[in-house]
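Reader: I've just opened this one and I'm new to it. Could you walk me through it, one question at a time?

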Amino acid sequence: MEIAIAPPSRLEGEITPPGDKSISHRAAIFNAIAQGNATIRSYSPGADCSSTLRCLRSLGVGITEDSQHATVRVEGAGAAGLREPANVLNAGNSGTTMRLLAGVLAGQPFFSVITGDSSLRGRPMGRIVKPLQQMGAQISGRGQGSLAPLAIRGGNLHGISYKLPVASAQVKSALLLAGLFAEGESEIQEPVATRDHTERMLQAMGAQIAAHGVVVRVQRSTLRATDVTIPGDISAAAFWLVAGALHPCARIRLKHTGVNPTRTGVLDVLRQMGARITVENSRYEGGEPVADITVESSSLAGTEIGGDIIPRLIDEIPVIAVAACMAKGTTVIKDAQELRAKESDRIRTTVQELRCFGAVLEERPDGMVIHGTGSLKGARCSSRGDHRLAMSLAVAALVARGKSVVQGAQAASISYPTFWEDLRAVSGLSGEAVA
Ligand code: S3P
């Protein structure tokens with residue numbers, strides 16, 4: 001699908017971002033292994049979270065979806081209630097599905113195989129395979145266990161004390177989930193704090209889990225099914241935060257957005273660049289902080305982004321790069337080599353596609369240097385099959401001079417199927433202009 005975008009005269013309105021993708025995966029998986037039934041509200045409508053539901057059904061979990069109301073009902077199978085799947089599990093494009101489920105499957109006394117699309121089959125899995133093997137699971141995969149498909153024969157796990165070599169919430173979560181099925185205690189240490197949705201939700205569901213700084217300890221536990229209302233996804237809101245800050249006539253309010261501090265690096269960086277952002281009505285929902293965020297037209301300056309903030313904004317770097325192109329001065333993004341292991345090599349694809357808009361940027365092994373020129377020119381560009389790149393390029397198109405075409409625009413549906421509708425709503429562009 002190709003979408004044509006001509007820059008609108010204003011960007012204005014209110015958006016409730018789709019349910020947070022990370023929290024949705026966790027709510028479904030944790031309730032699937034819990035005792036009792038639970039209702040999840042505002043479940044992410046993205047294809048990734050549907051992949052998680054599909055895999056859980058194949059493991060014998062009763063799931064009822066009411067897509068119109070974004071509600072999912074999960075009948076918990078209990079700690080020992082999953083059944084051997086009759087076929088290969090397909091995680092689609094979703095790294096979170098594959099890695100978190102691998103942690104669960106490592107604890108099950110049956111055989112399973114999990115695979116994904118060509119992007120996911122190219123992403124590193126050794127990072128979960130090695131520690132899960134150390135816990136006692138038998139796992140093999142292509143490339144000596146470094147790539148999916150993964151074949152898993154689980155059960156009889158024992159606790160582990162493990163220092164993560166990379167800052168990854170998916171790896172941390174996979175090991176914590178395996179730890180729920182393991183004999184003794186598991187202690188996981190991260191090099192830098194990453195998103196803590198797993199720790200919060202497992203605690204709320206009655207797991208024996210305790211986090212002290214970057215160290216998390218968990219013991220074998222049975223979870224209690226728990227209803228969850230999922231906050232709006234700040235990673236989806238980020239596209240509007242940047243579009244609103246860059247457009248000369250903009251005011252966008254993002255309602256019911258998750259503001260967990262392990263995810264709000266994008267707010268810190270945009271503010272540091274000069275963005276006019278206000279956060280109001282802060283409240284807690286299901287153990288997660290939520291707020292309404294308003295962004296207004298701003299003039300941005302370049303900045304430096306690196307170190308401990310990187311995991312707090314890792315998924316927002318492509319759209320932050322768009323902000324940096326439109327800012328005055330140079331932006332340096334470093335310590336972000338993990339971006340190369342995402343749905344696409346996001347350092348390379350972001351640099352290459354933004355160059356189509358006349359942006360001046362250099363690729364670095366661990367990031368990029370962006371020479372902000374304060375303007376972009378309309379371009380023909382491609383999502384390269386990556387949802388976050390598709391939406392970042394749409395933001396570039398909204399503020400570029402002249403018309404742009406985003407090829408492969410359907411990729412947005414991995415995390416934000418209503419993105420193009422919301423774009424029409426806030427830009428006032430007609431169906432023809434965004435066709
Ligand atoms: C996620 C963790 C991050 C992030 C991904 C979702 C999660 O990945 O990029 O979009 O839900 O735990 P890594 O754990 O690989 O850094």
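Reader: Let's start with a single residue: is Glu-190 buried or exposed?
Author: Sure, and keep in mind that this is a predicted model. The cut-off for buried is under 20% relative accessible area. Glu-190 has a value of 5%, so the residue counts as buried.

Reader: Which side chain does Glu-190 meet in a salt bridge?
Author: Side chains of opposite charge can pair when their charged atoms come close. Here the N to O distance is 3.2 Å. The partner has a relative accessible area of 0%, so that residue is buried: Lys-172. The side chain that Glu-190 meets is thus the one of Lys-172.

Reader: How many residues apart in sequence are the parts that Glu-190 and Lys-172 tie together?
Author: Glu-190 sits in the loop between strand S12 (185-189) and helix H8 (197-204). Lys-172 belongs to helix H7 (residues 169-180), so their pairing ties together parts of the chain at a sequence separation of 18 residues.

Reader: Which residue does Asp-315 meet in a salt bridge?
Author: Asp-315 lies in the loop between helix H11 (310-313) and helix H12 (317-326), and the partner is in the loop between S12 and H8, 120 residues apart. Asp-315 is buried at 13% relative accessibility, and the partner is buried too, at 10%. The N to O distance is 3.3 Å, and the partner is Arg-195.

Reader: Which residues are linked with Asp-315 and Arg-195 in a network of salt bridges?
Author: The pair you just met belongs to a network of salt bridges. Besides Asp-315 and Arg-195, the network takes in Arg-123, Glu-343, Arg-346, Asp-386 and Arg-388.

Reader: What about Arg-340 and Glu-363: are they buried, partly exposed or exposed?
Author: These two side chains also meet in a salt bridge, with 3.1 Å from N to O. Arg-340 is in the loop between strand S21 (328-333) and helix H13 (346-355), while Glu-363 is in strand S22 (residues 360-364), 23 residues apart. The values to compare with the 20% and 50% cut-offs are 27% for Arg-340 and 28% for Glu-363. That makes Arg-340 partly exposed, and Glu-363 is likewise partly exposed.

Reader: How many salt bridges does the count come to?
Author: A pair counts when a side-chain nitrogen of Lys or Arg is within 4 Å of a carboxyl oxygen of Asp or Glu. By that rule, the count is 32.

Reader: Let's turn to a sheet. Which strands stand at the edges of the sheet S7-S8-S10-S9?
Author: This is an open sheet of four strands with mixed pairing. An edge strand has a single partner strand, so one of its sides is left without a neighbour in the sheet. The two at the edges are strand S7 (89-90) and strand S9 (138-141).

Reader: In S8, which residue is the bridge partner of Asn-90?
Author: S7 pairs with strand S8 (residues 111-115) in the parallel sense, over two bridges. In S8, the partner of Asn-90 is Thr-115.

Reader: Which helix lies across S7, S8 and strand S10?
Author: The helix covers residues 95-105 and runs at about 170° to S8. Strand S10 here means residues 147-153, and the helix lying across these strands is H3.

Reader: Which peptide bond is cis, with omega near 0°?
Author: Most residues other than glycine have a negative phi, and most peptide bonds are trans. The cis bond leads into Pro-149, a residue of strand S10. The bond is the one from Ala-148 to Pro-149.

Reader: Where is Gln-144 found, given its positive phi?
Author: Gln-144 isn't a glycine, yet its phi is about 50°. The residue is exposed, with a relative accessible area of 84%. Gln-144 is found in helix H6 (residues 142-145).

Reader: And where is Asp-335 found?
Author: Asp-335 is not a glycine either, and its phi is positive at about 65°. With a relative accessible area of 35%, Asp-335 is partly exposed. Its place is the loop between S21 and H13.

Reader: Zooming out, what radius of gyration does the chain have?
Author: The C-alpha trace spans about 60 × 40 × 40 Å along its principal axes. For 435 residues, a compact globule would have a radius of gyration near 22 Å. The chain agrees with that, at 21 Å.

Note on methods:
Residues numbered from 1 in each chain as written. Predicted model: local features only at pLDDT ≥ 70, side-chain atom pairs only at ≥ 80, totals over all residues. Heavy atoms only, no water. Buried < 20%, exposed > 50% of the residue type's maximum accessible area, 1.4 Å probe, protein only. Pairing = 2+ DSSP bridges. Contact = heavy atoms within 4.5 Å. Axes fitted to C-alpha atoms, helices over the stretch in contact; angles between N-to-C directions. Rg over C-alpha atoms; globule rule 2.2 N^0.38 Å.
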